[in-house]
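Biologist: I'm new to reading protein models, and I'd like a close look at a single part of this one. Could you take me through the sheet in chain A, strand by strand, and then show me what lies around it?

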Amino acid sequence: MKVIIIGAGKVGYTLAENLAAENKDVTIIDKNAQALEKVEAHLEVMCLKGTGVSANILLEAGVAEADLLIAVTGSDEVNMVCCLTAKKLGVGRTIARVRDPEYAYELSLIKEQLGLDFVINPEYTAAEEIASTLGFSSAINVERFASGRVRMVELKVTAGMGIIGKKIKEADKYSSSSVLIGIIVRGEEVIVPDGEEVIEENDSIYVIGKVSNIYKFCKLYGKYPDKIKNVMIVGGGRITYYLYKLLKDMNMNVKIIEIDKNRCFELSDKLPSALIINSDGTEEEVLLSENINQMDAFLSATGMDEHNLMASLIAKRLGAKKIITKISRSSYINIVRDMGLDSIIIPKLITTNQILKYVRGTALQSLRRIVEGKVEILEFVVDDTSELIDKPLRKLNISADTVIATIVRKREVVVPHGNDIIRRGDRIIVITMEKNIATLKELEAVVIGGNQNERRNGIKKFGDIINM
Amino acid sequence: MNVAMVSKNLGTLLICEIVAMIPAVVVSFIYKETELWAFIYTISILLAVGLGLSLIKPQNKNIYAKEGFAIVAIGWLLISFFGALPFYFSGAIPSLVDSFFESSSGFTTTGASILTEVESVAKGILFWRSFTHWVGGMGVLVLAMAILPSAGAGSMQIMKAESPGPSTEKLVPKVKETAKILYGIYILITLVQIILLKLSGLPFYDALIHSFGTVGTGGFSSKNISVGAYNNIAAEIIITVFMLMCGTNFALYYQFLKGNIKGIFKNEEFRLYVAIVTGAIVLITFNLYGNIYGSVKESIRYAAFQVASIITTTGYATTDFNTWPSFSKLILLLLMFVGGCAGSTGGGIKSIRILLLFKTAKMNLMKMIHPKAVYSVRIGGRTVDERTIADVLGFFFIYIIILCAAVLIVALEGKDLVTTVTSVITTISNIGPGLEIVGPMGNFSSFTDLSKMVLSFCMIIGRLEIYPILLLLMPKFWVK
């Protein structure tokens with residue numbers, strides 16, 4: 001598959017990195033020679049200097065034979081024009097990043113004329129993700145599957161929780177196994193646990209199941225989510241704009257602190273009922289005077305990572321209950337976690353996940369990548385040609401790194417056990433450490449061909465030995 | 001410096017050299033020569049060293065520019081050394097220094113020889129000597145990348161360090177695929193030439209030897225007086241055309257195969273290359289006609305072959321151009337500097353650099369007339385960035401410095417001026433023959449061991465375009 005990416009910024013780089021790792025032929029176009037140098041030095045992709053709007057450059061990049069063009073430059077307009085030009089030159093599909101609210105809401109009108117197959121709005125998606133995390137306050141992160149019927153929440157195991165020291169199967173028994181502990185992250189290590197795994201303090205666990213069951217699970221282990229009422233947001237960017245609208249619908253009180261006066265006026269013009277404070281959110285005095293200790297949640301979403309980190313650390317010290325930090329560079333993630341800030345939103349990664357899901361094709365209902373892409377959570381609809389159906393799960397030869405986490409039927413959500421059976425039309429949610437699974441068929445190969453898998457790994461290892 | 005990763009890659013490279021030696025072993029076996037043992041000894045040594053190194057498990061698997069340069073520089077020294085062992089073990093070349101000279105000359109596609117009597121050497125050994133041209137022409141490490149699995153992004157650094165030209169570009173996004181395409185084109189050209197030479201009446205073995213020498217732009221022949229020995233016009237025309245083809249950027253053939261024929265003629269470097277070749281042939285023809293040869297046809301025949309041979313840095317000869325008038329010899333001497341195109345198998349400074357140097361000179365003159373004006377150097381309608389220009393200027397300077405230093409050392413021999421200077425030019429530009437003693441009918445056997453070592457290093461320095469080897473000498477390069 002040939003992919004052209006326009007814009008070698010943060011998102012463009014991450015996309016190129018992931019797509020190249022999935023063995024796609026990637027060509028990246030950017031005006032900035034320095035950005036390209038970085039790409040060229042680290043990634044197996046072709047670099048082209050120039051602007052993606054120019055038909056000549058696009059032709060040189062082989063647009064006519066390309067299957068996909070992704071425009072992620074800093075400018076919405078450039079992105080749209082790139083897609084329009086590329087479509088005229090015969091590219092397969094196009095994806096544009098469009099994030100200005102002025103366009104975003106009206107895009108459906110002109111999407112077709114512009115030849116856009118898919119539009120991504122990282123800020124809006126980030127806002128959605130923050131909103132769902134706020135809807136479940138004890139979780140670090142919340143992911144939604146099967147149109148919201150199944151959730152996966154990331155919980156931090158803190159001192160005093162009843163689950164510490166228990167084996168997974170004991171925990172299951174105690175909570176009458178209505179949910180599944182799918183992944184444990186212990187330091188740098190990622191575990192897809194079996195029943196014998198013991199949960200330790202400071203683990204991050206990913207719990208997957210029906211919404212109500214997750215609530216029960218949390219209540220049982222002393223992580224009962226508080227209802228969030230008051231939210232303070234530092235930074236009045238696009239995320240804040242989208243998030244405000246979402247939180248308003250959830251009946252929360254939102255307070256926005258923005259340093260730039262003009263931006264404050266703009267925001268208050270667009271969000272007439274919002275409480276907007278023109279001040280510096282990284283100053284302790286300001287936060288105190290705005291009653292930070294009364295806040296149920298605090299979000300720092302300015303354009304500067306450093307400011308966000310400082311604001312979050314101050315808010316944590318001053319007693320805000322739940323703290324969410326937006327950062328733009330994923331390389332910070334471990335440092336930030338070490339500082340005790342757990343809920344981190346990286347719009348770049350959200351965008352990347354969305355595009356990767358789109359690239360892998362329609363068979364995939366949803367794709368989430370967590371723990372820096374080490375684990376993927378995939379959602380499929382099982383049709384009757386599948387080899388998985390009508391067999392008890394224990395008879396399927398599942399490779400150690402893959403778990404069928406949930407089966408979603410019309411009326412029920414099943415956290416499966418050895419005797420459960422997948423039926424036609426079920427949606428299944430799979431947790432896997434295998435890479436690059438795009439269709440149910442490939443999943444079957446992983447699930448059923450456990451031995452084959454071993455052989456393949458053997459070959460891979462051999463390749464590693466003699467590799468350059 | 002990631003020493004573990006560099007060593008591991010070097011180990012893999014030595015194992016690849018074993019693969020490259022197999023055809024020569026087969027030839028030796030077919031002709032039932034006792035020299036077969038020389039290869040078997042060498043392969044055993046390579047296997048031991050190569051396996052030992054490649055079993056190293058580096059913790060950090062990243063290759064950055066520094067490691068890329070180190071792998072290429074040390075790699076070339078190692079393969080030249082191990083490539084010399086068959087000559088030494090078989091007794092074909094009794095001295096180790098001479099063997100190293102011959103092997104470096106082979107891998108760097110120079111074609112300068114210390115053998116006075118080629119025809120009596122065993123077929124297997126001669127085959128290996130010519131096959132090193134073929135492997136070295138496109139690059140040993142590029143070959144390794146094409147055949148080995150999972151070459152990561154770091155391998156681009158290696159390719160950049162090994163491929164000739166100021167800026168190496170990938171043809172397709174993946175380095176491995178690029179290496180495969182390049183070798184695919186290379187193999188195709190080689191096969192076509194072997195068939196054509198066979199049809200022109202050369203024995204099959206000779207067709208092989210001369211095809212390797214031509215496509216690698218090397219110049220080792222199986223005859224004492226090179227291609228002239230056959231006195232076969234058809235073969236001469238075939239070799240002329242293929243030399244010129246292999247002095248061209250291989251990326252252009254990829255464009256050609258993709259159907260972009262116009263693009264080739266729009267390529268400024270290619271146009272300059274064609275212009276220089278035509279100009280040189282015309283000038284030399286005029287100079288030779290009446291002076292040396294009686295007919296225009298004969299003059300063109302010898303002029304064209306010699307010009308193609310020198311500019312592509314191959315080094316075959318159909319006549320002793322040492323006896324030509326000074327004007328013709330000087331033109332050939334200038335062509336020695338120019339060399340082929342970037343991304344070809346040829347050596348020399350490369351046409352693209354000459355083009356850039358001239359354009360930069362012109363720009364500087366313009367700037368003197370209009371001091372405040374802003375000019376940019378353009379190639380093919382695109383602005384060349386300042387850094388590339390600075391690199392090219394720097395390259396030219398170091399090239400001349402190395403040339404001077406080597407000439408000074410070789411001058412200790414007390415040979416005449418022309419021999420001394422041309423012997424260095426011809427080795428640093430990877431051509432083969434120079435003038436006077438080292439002329440097309442002469443050889444390098446009369447030099448001392450010191451000069452031979454200096455000239456061997458000149459060849460490797462020239463093939464890798466100076467920087468990798470020079471970096472090895474910088475103490476900072478080795479600091480962790």
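Modeller: Let's start with a pair of strands: β1(A) runs parallel to strand β2 (residues 25–30) of chain A, and five bridges join the two. To see one of those partnerships, find I5(A), whose bridge partner in β2(A) is I28(A). Keep in mind that this is a predicted model. The good news for us is that strand β1 (residues 2–6) of chain A has the highest mean pLDDT among the elements of its chain, at 93.

Now zoom out to the whole sheet. It's an open one with six strands, and if you walk across it in chain A you meet β3, β2, β1, β4, β5 and β6 in that order, with parallel pairing. What happens at the edges? There you find β3 (46–49) and β6 (118–120) of chain A, and each has a single partner strand, so one side of each is left without a neighbour in the sheet. As you step from one strand to the next, the twist averages 15°.

Next, look at the helices that lie across these strands. Helix α1 (residues 10–21) of chain A lies across β1, β2, β4 (68–71) and β5 (93–97) of chain A. Compare its direction with β2(A), and you get an angle of about 165°. Helix α4 (residues 76–88) of chain A lies across β1, β4 and β5 of chain A, and runs at about 170° to β5(A).

How far can you trust the rest of the chain? Chain A has a mean pLDDT of 81, with 91% of its residues at 70 or more. The low end is helix α17 (residues 450–466) of chain A, whose mean pLDDT of 51 is the lowest among the elements of that chain. Over residues 450–454 of chain A, pLDDT stays under 50, and the model has five contacts beyond four places in sequence for that stretch.

Finally, a quick look at the nonpolar cores, to put your sheet in context. The largest one has 138 residues, and those with the most contacts inside it are V72(B), V142(B), M145(B), V307(B) and L335(B). Helix α3 (residues 65–90) of chain B gives this core its largest share, 14 residues. A second, separate core of 50 residues includes F136(A), I181(A), V185(A) and V413(A). Back in the largest core, pick out L335(B): leaving aside neighbours within four places in sequence, L335(B) is in contact with A280(B), V307(B), I310(B) and I311(B).

Methods. Residues numbered from 1 in each chain as written. Chains lettered and ligands numbered in written order. Predicted model: local features only at pLDDT ≥ 70, side-chain atom pairs only at ≥ 80, totals over all residues. pLDDT = per-residue confidence, 0-100. Helix = DSSP H or I, 4+ residues; strand = E, 2+ residues; numbered from the N terminus. Contact = placed C-beta atoms within 7 Å. Core = buried A, V, L, I, M, F, W, Y, C linked by C-beta atoms within 7 Å. Buried ≥ 20, exposed ≤ 12 C-beta atoms within 10 Å, placed from the backbone. Pairing = 2+ DSSP bridges. Axes fitted to C-alpha atoms, helices over the stretch in contact; angles between N-to-C directions.
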